[in-house]
2 protein chains.
Amino acid sequence: MTDRRDNGGTDDLEAALRGAGLRITRQRRVILAILAGGDDHPDALALFRRAARQDPSISLSTVYRTMKVLEERGAIQRHTFEGGPARFEPADGVHHDHLIDLDSGEVIEFRSERIEKLQDEIARELGYEIVSHRLELYGRRRK
Amino acid sequence: MTDRRDNGGTDDLEAALRGAGLRITRQRRVILAILAGGDDHPDALALFRRAARQDPSISLSTVYRTMKVLEERGAIQRHTFEGGPARFEPADGVHHDHLIDLDSGEVIEFRSERIEKLQDEIARELGYEIVSHRLELYGRRRK
DNA sequence: GATAATAATGCAAATCATTTGCAAAAAGAA
DNA sequence: TTCTTTTTGCAAATGATTTGCATTATTATC
Ligand SMILES: [Mn+2]
Ligand SMILES: [Mn+2]
Ligand SMILES: [Zn+2]
Ligand SMILES: [Zn+2]
C-alpha cells in the first residue's frame, strides 16, 4: 500500500485538465490545491491572494482563466450570490444548494431531496426538462 | 363610476415613488408605464429603448436610477439570470419563481406553495429565517 | 400662476468584475 | 534537447452599472 494521503480532490481537478489535453502548469497546480483544500466558496481575488502566497508570480488573469477551463470541464461550480462577484468550489461531492447569512456573509450548504424532486415535477408539468438550477436562500439567524 | 381603464399597475409604481417623497418626472412616468404595461422581464437597455420611443430625451442613466429607487421601495423585482444583465419586473402580484428556456431564452413563471414551504422548513432546521430567496430553473423543452 | 428650494436629469467619466491581445515563457511530445 | 503548442503576465479592452456635476424640472408655498 503506497503512502497516499488525502489531497482533498486535487487529483480529480488535475485529471479534469489532463483529460482535456490541457497542461498542468505550476500556477494551475497551486490553484487546484487551494480549491481542493478549502471548504469555502472563494472568489477569484481570494483565490489569487491565497495562490500568491505560494507563488508570487501568479496573476489574477490566470486565476480567471483557470476557473473558466475548470468550469467548462465541469470540475468546479461557479456561483454568483446576490451582489458579489463569482465564487467557486470544486464540483466533487453531491449537488447541494446554499443559504447565505445576510449578517455574517457565511455560506451554508444544504441538500433537500424533496426540493430537488419538486423542481423536476414543476419543470415536467411545464413541459420542460431541467438542465441546471440555482436555489439560494438569504436569511438571518433566528433568535 | 369614473372612466378608469386598466393601466396595468402604473399607479402602484407611481404611488411607490410619491410615498417616498420622490418626484414623478416625465421620464419616470414613461418608464413606469412600460414596466407596468409589459408582461416580460426587460433589462435596462430594453427599457431604455422602449422609453426612448416615447421620449427620445431619456437617458440610460435615468433608467438605471429609476430601477434602483423602485427596487429600494420594493416596487419592482430585480433578477439576474445566468449570464445576462439585470432584468426587471413590477412586484405587484404574488411571488413566483422562474424557469428559463435555454434554447429560446423565454422566461416562464411558476409558483409552488410546496417549494416555498420546504424552503422555510430547511431554513428553520438550520436555525435561520428566510429574508429572500432565488430559485431559477434552466431547462429545455421536453420532446 | 410666480417663486424658491430641492430633487432629478443627461452626459461623460469612473468603477468593478472579467476578458482578451500579444509577446515571452513553459510544458509536453518526440 | 528540440520543436510545437499551450499558457502566462501584463496592459488594455469590455460590459454593465454607477457617479460627479452643471443644468433643468418638479413641487410645495405664496
Ligand atoms: Mn457549496
Ligand atoms: Mn417574473
Ligand atoms: Zn438544488
Ligand atoms: Zn419562490
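Two residues are in contact when heavy atoms of theirs lie within 4.5 Å. Keep that in mind while we walk through this predicted model.

## Chain A at a glance

Let's start with the overall picture. Chain A has 143 residues, and 41% of them count as buried. Its C-alpha atoms fill a box of roughly 50 × 35 × 35 Å along the principal axes. You'll find 5 helices and 5 strands in chain A. Reading from the N terminus, the order of these elements is α-α-α-α-β-β-β-β-α-β.

Now for those contacts. Take the contacts in chain A with a separation of 6 or more: residues 24 or more positions apart account for 47% of them.

## Helices that pack against each other

Here is a general point to begin with. Two packed helices are described by the angle between their axes and the distance between the axes. Here are three pairs from this model.

| Helix pair | Angle between axes | Distance between axes |
|---|---|---|
| Helix 1 and helix 2 of chain A | roughly 135° | within 8 Å |
| Helix 5 of chain A and helix 5 of chain B | about 165° | 10 Å |
| Helix 2 and helix 4 of chain B | about 70° | 11 Å |

Take the chain A pair to begin with. Helix 1 covers residues 10–19 and helix 2 covers residues 26–37. Why do we call helix 1 and helix 2 of chain A oblique to each other? Their axes cross at roughly 135°, and angles over 145 count as roughly antiparallel while 65 to 115 count as roughly perpendicular, with the rest being oblique. Helix 1 and helix 2 of chain A are therefore oblique. Their crossing is right-handed. On the helix 1 side, A:Thr10, A:Leu13, A:Glu14, A:Leu17 and A:Arg18 do the touching, and they meet A:Arg28, A:Arg29, A:Leu32, A:Ala33, A:Leu35 and A:Ala36 of helix 2.

Helix 1 of chain A is also home to A:Asp11. This residue is partly exposed, with a relative accessible area of 48%. From A:Asp11 to A:Glu106 you'd count 95 residues along the sequence, and their C-alpha atoms are 28 Å apart in space.

The next pair brings the two chains together. Helix 5 of chain A and helix 5 of chain B (residues 113–125) pack at an angle of about 165°. That makes the two helices roughly antiparallel. Their crossing is left-handed. Which residues of helix 5 of chain A and helix 5 of chain B make the contact? Chain A brings A:Arg114, A:Ile115, A:Leu118, A:Gln119, A:Glu121 and A:Ile122, while chain B brings B:Arg114, B:Ile115, B:Leu118, B:Gln119, B:Glu121 and B:Ile122.

The last pair sits within chain B. At about 70°, helix 2 is roughly perpendicular to helix 4 of chain B. Helix 2 of chain B passes helix 4 of chain B in a right-handed crossing. B:Gln27, B:Arg28, B:Ile31, B:Leu32 and B:Leu35 of helix 2 make the contact with B:Thr62, B:Val63, B:Thr66, B:Met67 and B:Leu70 of helix 4.

## The nonpolar cores

In soluble globular proteins, nonpolar side chains tend to be buried together. In this model the largest nonpolar core has 22 residues. Those with the most contacts inside this core are B:Leu13, B:Leu35, B:Leu47, B:Met67, B:Leu70, B:Ile76 and B:Phe88. Helices 1, 2, 3 and 4 of chain B each supply at least two residues of the core. Helix 2 of chain B gives the largest share, with 6 residues.

B:Phe88 is worth a look. Leaving aside its neighbours within four places in sequence, B:Phe88 has contacts including B:Leu35, B:Leu47, B:Met67 and B:Ile76, and also B:Asp40, B:His41 and B:Pro42. Apart from this core lies another one of 21 residues, including A:Leu13, A:Ala16, A:Leu17 and A:Ala36.

For contrast, try B:Arg23, in the loop between helix 1 and helix 2 of chain B. Is it buried or exposed? At 69% relative accessibility, B:Arg23 counts as exposed.

## A zinc site in chain A

Finally, look at the zinc ion, ligand 3. Its protein donors come from A:His95, A:Asp97, A:Glu116 and A:His133, at 2.0 to 2.7 Å from the ion. Along the sequence, the donor residues are spaced H-x1-D-x18-E-x16-H. A:Glu116 lies in helix 5 and A:His133 in strand 5 (residues 128–141) of chain A, so this pair ties together parts 17 residues apart in sequence. Both A:Glu116 and A:His133 are buried.

Definitions and conventions:
Residues are numbered from 1 along each chain as its sequence is written. Chains are lettered from A and ligands numbered from 1 in the order in which they are written. This is a predicted model: local features need pLDDT of at least 70, side-chain atom pairs count only at pLDDT 80 or more; totals for chains, interfaces and linings use all residues. Side-chain values use heavy atoms; hydrogens and water are left out. Donors are N, O and S atoms within 2.8 Å of the metal (3.2 Å for Na, K and Ca); water is not among the atoms, so sites may look incomplete. Helices (H or I, at least four residues) and strands (E, at least two) are DSSP runs, numbered from the N terminus. Buried means under 20% relative accessible area, exposed over 50%, partly exposed in between (1.4 Å probe, protein chains only). A nonpolar core is a set of buried Ala, Val, Leu, Ile, Met, Phe, Trp, Tyr and Cys residues joined through side-chain atoms within 4.5 Å. Axes are lines fitted to C-alpha atoms, for helices over the stretch in contact, and angles run from 0 to 180 degrees between N-to-C directions. Angles under 35 degrees count as roughly parallel, over 145 as roughly antiparallel, 65 to 115 as roughly perpendicular and the rest as oblique. A crossing is left-handed if the near helix is turned anticlockwise from the far one by less than a right angle, and right-handed if clockwise.
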